[in-house]
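Hello,

Here is the structure you will be working with. Please open it first, then read my notes below.

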Amino acid sequence: MKDATTVYPVQENIRKRWSPRSFANKPVDQEILNQVFEAASWAASAMNEQPWRYIYAHRSDEETFQKLVDCLLPGNQPWAKNAPVLILSLAKTHYDNGTPNGAALHDVGMANANLITEATALDLYGHFMGGFDRAKTTEVFQLPEGLQPVVIIALGYMGEAELLEEPFLSREKAPRARKHHADIAFNQHLPA
Ligand SMILES: Cc1cc2nc3c(=O)[nH]c(=O)nc-3n(C[C@H](O)[C@H](O)[C@H](O)COP(=O)(O)O)c2cc1C
């Protein structure tokens, strides 16, 4: 566990969440996964449009799981292929009347934040990956027009860091760091 060192006492599951690359060889029960997706579904969204969609595969769903691995960029494949679950997060980019939904990506991020917070409460860890081939993903999963791939999420129980090879081992052990709250939030106006 790589607990965050915070200035203020933020909620435990926010502190506890981090992005590992080593996962235990333990499957995620389907009921647990359903719970995590239900948490995602309770996110706020513009017009209650709920523009999030997910395609997921357990490692035992060999064919689809391998398709997801193949969509990842080479820097993510060596460790993500050992995750028990891979989840492709998608955004429905337009309302049903054809108007673009300018909040779609925002709202998918909201749902993914819920997903990962619920997962953390269940002792699961997730690693979001923007490093994947979007054109290939669209083709491989035959995504219809208007469904945009956002991230692929590796999800599972935490494994031993020592299972990783370099450069991933060092990254797994590196301390976590964040900008100070005073450097991201400004009362009344941005600094001069
Ligand atoms: C949209 C998004 C894309 C990311 N893409 C990758 C990726 O392709 N590969 C990777 O190893 N980590 C990726 N990350 C993980 C970030 O590097 C990580 O969240 C960040 O360094 C903060 O670390 P923490 O999540 O452990 O707090 C991504 C995270 C997000 C939210």
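How do the residues of the shell around the ligand divide into nonpolar, polar and charged? Five are nonpolar, five are polar and four are charged. Here Ala, Val, Leu, Ile, Met, Phe, Trp, Tyr, Cys and Pro count as nonpolar, Asp, Glu, Lys and Arg as charged, and the others, Gly among them, as polar.

Two points on the source. This is a predicted model, where local features need pLDDT of at least 70, side-chain atom pairs count only at pLDDT 80 or more, and totals for chains, interfaces and linings use all residues. Residues are numbered from 1 along each chain as its sequence is written, and side-chain values use heavy atoms, with hydrogens and water left out.

Now the ligand. It is surrounded by 14 residues (a heavy atom within 4 Å). The closest are Ser19, His127, Gly130, Arg176 and Arg178. Strand β3 (residues 125-129) gives the largest share of the shell, three residues. Strands are DSSP runs of E, at least two residues, numbered from the N terminus.

Next, the polar contacts (pairs of N or O atoms within 3.5 Å). The side chain of Arg176 has an N or O atom 2.7 Å from an oxygen atom of the ligand. For Arg17, a polar side-chain atom lies 2.9 Å from a ligand oxygen atom. Asn76 has a side-chain N or O atom 2.8 Å from a nitrogen atom of the ligand. Taken alone, the ligand exposes 620 Å², and the protein buries 58% of that. These areas come from the Shrake-Rupley method with a 1.4 Å probe.

Last, Val7 is exposed (over 50% relative accessible area, 1.4 Å probe, protein chains only), because its relative accessibility is 59%.

Best wishes

How values were computed:
Buried < 20%, exposed > 50% of the residue type's maximum accessible area, 1.4 Å probe, protein only. Polar contact = N/O pair within 3.5 Å; in protein donor to acceptor, adjacent residues only side chain to side chain. Helix = DSSP H or I, 4+ residues; strand = E, 2+ residues; numbered from the N terminus.
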